[in-house]
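Good morning. I will go through one structure today, a piece at a time, and I will put a few questions along the way.

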Amino acid sequence: MRVKIDREVVQRFEAGLDPRHPEKSLIPAQIIGYGEMSTIFVIKAPGQSDTAYKRMPVFRTLPEMEHYERIFQEYNTRLAEIGLNIPSFASVRVTSPEGLPVVYNAQSRLSEEAIANRLIHRLPDQPVKTLFLLVLNELHKVFAFNAAHTDIRYGIDGQISNWAVLHYREGVAIGPDTKLAYLDTSTPMIQKCGREQLDPELFLRSAPSFMVWIIRRLFLDGVMTRYYDFRLVVIDLIANFHKEQRPDLIPMLIETANDFFATKAAGLGVGSIDMRAVKAYYRQDAMIWRVYLGMRRFDRFLHRTLLRKPYRYILPGRIKR
Ligand SMILES: Nc1ncnc2c1ncn2[C@@H]1O[C@H](COP(=O)(O)OP(=O)(O)OP(=O)(O)O)[C@@H](O)[C@H]1O
Ligand SMILES: [Mg+2]
């Protein structure tokens, strides 16, 4: 299903955007979520309250943008075919005040209470375990597909903040029949005959050019490839409970994951996970994202002071880890 986008509203929003303070733009944005890379917001204009937007200002050429739009479309469609619930979506092109192309990805907006990283703070431990098992089930669909195909594989970021309970209502129990939606589809990771379709260089564009080499090393050695490895995706999901301020749940999550790998996912031969792997992973991962965001903030500072040029990106706010 597609969301309807009013291109004209988005174009006007872009024209009046203050990337540093999106909520103070000519048409204000209401920020509804942060990821490691981007900011999710609602455009505060009539008829817009049910649409969540992500702004992608990284494209330099038309073919580059067209390719991204194609694989974004393909990724959403194929994950849905594999059996994931994907919110209805669309993307639209507008032009920035400097004349550069910008893509806005839109998704139907889900209620804030339904986002899984909110739920893990409100639910007792047993339903959190059920929720985690539901996430493992969804991931299993993707990795079972990948195992059965050599020509095409999909990467997925399983972090708890990327899932939402469908049709969530306060007080309704989370059970084995609860349905989850997968939100984070704007990094469409698709490998065709072993070749990544998404250009990782796009993510380096918002960093200062003299630092790109170090970020390239951090990124290309691991950040994209990890999303094709079931075990690493689950380590990432578990380690992220540190960032989500629920490290107390980690031992239970490790046990649950290992049990899942040994039973339901036995056919995939996933190696077990232990606390040491989770801790080591988290230290490194937190460092990578801190460096990445730090560089981007520094670049924004350079633009404002030395370069005196507009800085085009909306950066995530402070992330508590
Ligand atoms: N359709 C939506 N409805 C409501 N909230 C959303 C929606 N999509 C995203 N969010 C909120 O924004 C947060 C970040 O979204 P998302 O995971 O898509 O971005 P991200 O992690 O920055 O992605 P990436 O880093 O891969 O670009 C989510 O955890 C959620 O809280
Ligand atoms: Mg995310």
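In which helix does Phe230 lie? Phe230 lies in helix H6. Before going further, please keep in mind that this is a predicted model.

Let me stay with Phe230 for a moment. Is Phe230 buried or exposed? Phe230 has 24 other C-beta atoms within 10 Å, and 20 or more is what buried requires, so Phe230 is buried. Leaving aside residues up to four places away in sequence, Phe230 touches Leu139, Phe143, Leu268 and Val270. Met275 is 45 residues from Phe230 in sequence, and the two C-alpha atoms are 17 Å apart in space.

Leu232 is also found in helix H6. Leu232 has 18 C-beta neighbours inside 10 Å; buried starts at 20 and exposed ends at 12, so Leu232 counts as partly exposed. Leu232 and Ala277 are 45 residues apart in sequence, and their C-alpha atoms are 9.7 Å apart in space.

Now the helix pair. In general, two packed helices are described by the angle between their axes and the distance between the axes. Here the pair is H6, residues 230-243, and H8, residues 275-307. At what angle do the axes of H6 and H8 cross? They cross at roughly 75°, and they come within 9 Å of each other. Angles from 65 to 115 degrees count as roughly perpendicular, so H6 is roughly perpendicular to H8.

Which residues meet there? From H6 we have Ile235, Asp236, Ile238, Ala239 and His242. From H8 we have Ala277, Val278, Tyr281, Tyr282 and Asp285. Sorted by class, the contact of H6 with H8 has 7 nonpolar residues, 1 polar residue and 2 charged residues.

One of the H6 residues in that contact, Ile238, leads to the next topic, the core. In soluble globular proteins, nonpolar side chains tend to be buried together. How many residues does the largest nonpolar core have in this model? The count is 63, and the residues with the most contacts inside this core are Val135, Trp163 and Ile238. Helix H4, residues 125-148, gives the largest share of the core, with 9 residues. Where does the core lie with respect to the domains? Domain 1 and domain 2 both give residues to it, so the core lies between them. As for Ile238, not counting residues up to four places away in sequence, the residues that it touches are Ile250, Leu253, Ile254, Ala257, Ile273 and Val278.

That brings us to the domains themselves. The domain assignment of the chain gives domain 1 as 7-108 and domain 2 as 126-307. Taken over C-alpha atoms, the centres of the two domains are separated by 21 Å. How many residues of each domain are in contact with the other? There are 21 from domain 1 and 23 from domain 2. On the side of domain 1 that touches domain 2, the elements giving two or more residues are helix H2, 62-82, and strand E5, 101-108. The largest share of that side, 8 residues, comes from H2. By class, that side of domain 1 divides into 11 nonpolar, 6 polar and 4 charged residues.

Strand E5 also holds Tyr104. Tyr104 has 22 C-beta neighbours inside 10 Å, so it counts as buried. Beyond four places in sequence, Tyr104 touches Val10, Tyr53, Arg55, Ser91, Val92 and Val94. Glu14 is 90 residues from Tyr104 in sequence, but C-alpha to C-alpha the two are 9.5 Å apart in space.

Last, two backbone angles. Most residues other than glycine have a negative phi. Cys193 is not a glycine, yet its phi is positive, about 45°. Where does Cys193 lie? Cys193 is in the loop between strand E9, 190-192, and strand E10, 195-196. With 8 other C-beta atoms within 10 Å, Cys193 is exposed.

Arg308 has a positive phi too, near 50°, and is a residue other than glycine. Its place is in the segment after H8. Is Arg308 buried or exposed? Arg308 has 8 C-beta neighbours inside 10 Å, and 12 or fewer is the limit, so Arg308 counts as exposed.

That is the end of my part.

Terms used
Residues are numbered from 1 along each chain as its sequence is written. Chains are lettered from A and ligands numbered from 1 in the order in which they are written. This is a predicted model: local features need pLDDT of at least 70, side-chain atom pairs count only at pLDDT 80 or more; totals for chains, interfaces and linings use all residues. Axes are lines fitted to C-alpha atoms, for helices over the stretch in contact, and angles run from 0 to 180 degrees between N-to-C directions. Helices (H or I, at least four residues) and strands (E, at least two) are DSSP runs, numbered from the N terminus. Angles under 35 degrees count as roughly parallel, over 145 as roughly antiparallel, 65 to 115 as roughly perpendicular and the rest as oblique. Two residues are in contact if their C-beta atoms, placed from the backbone, lie within 7 Å. Ala, Val, Leu, Ile, Met, Phe, Trp, Tyr, Cys and Pro count as nonpolar, Asp, Glu, Lys and Arg as charged, and the others, Gly among them, as polar. A nonpolar core is a set of buried Ala, Val, Leu, Ile, Met, Phe, Trp, Tyr and Cys residues joined through C-beta atoms within 7 Å. Domain bounds come from an automatic or database domain assignment.
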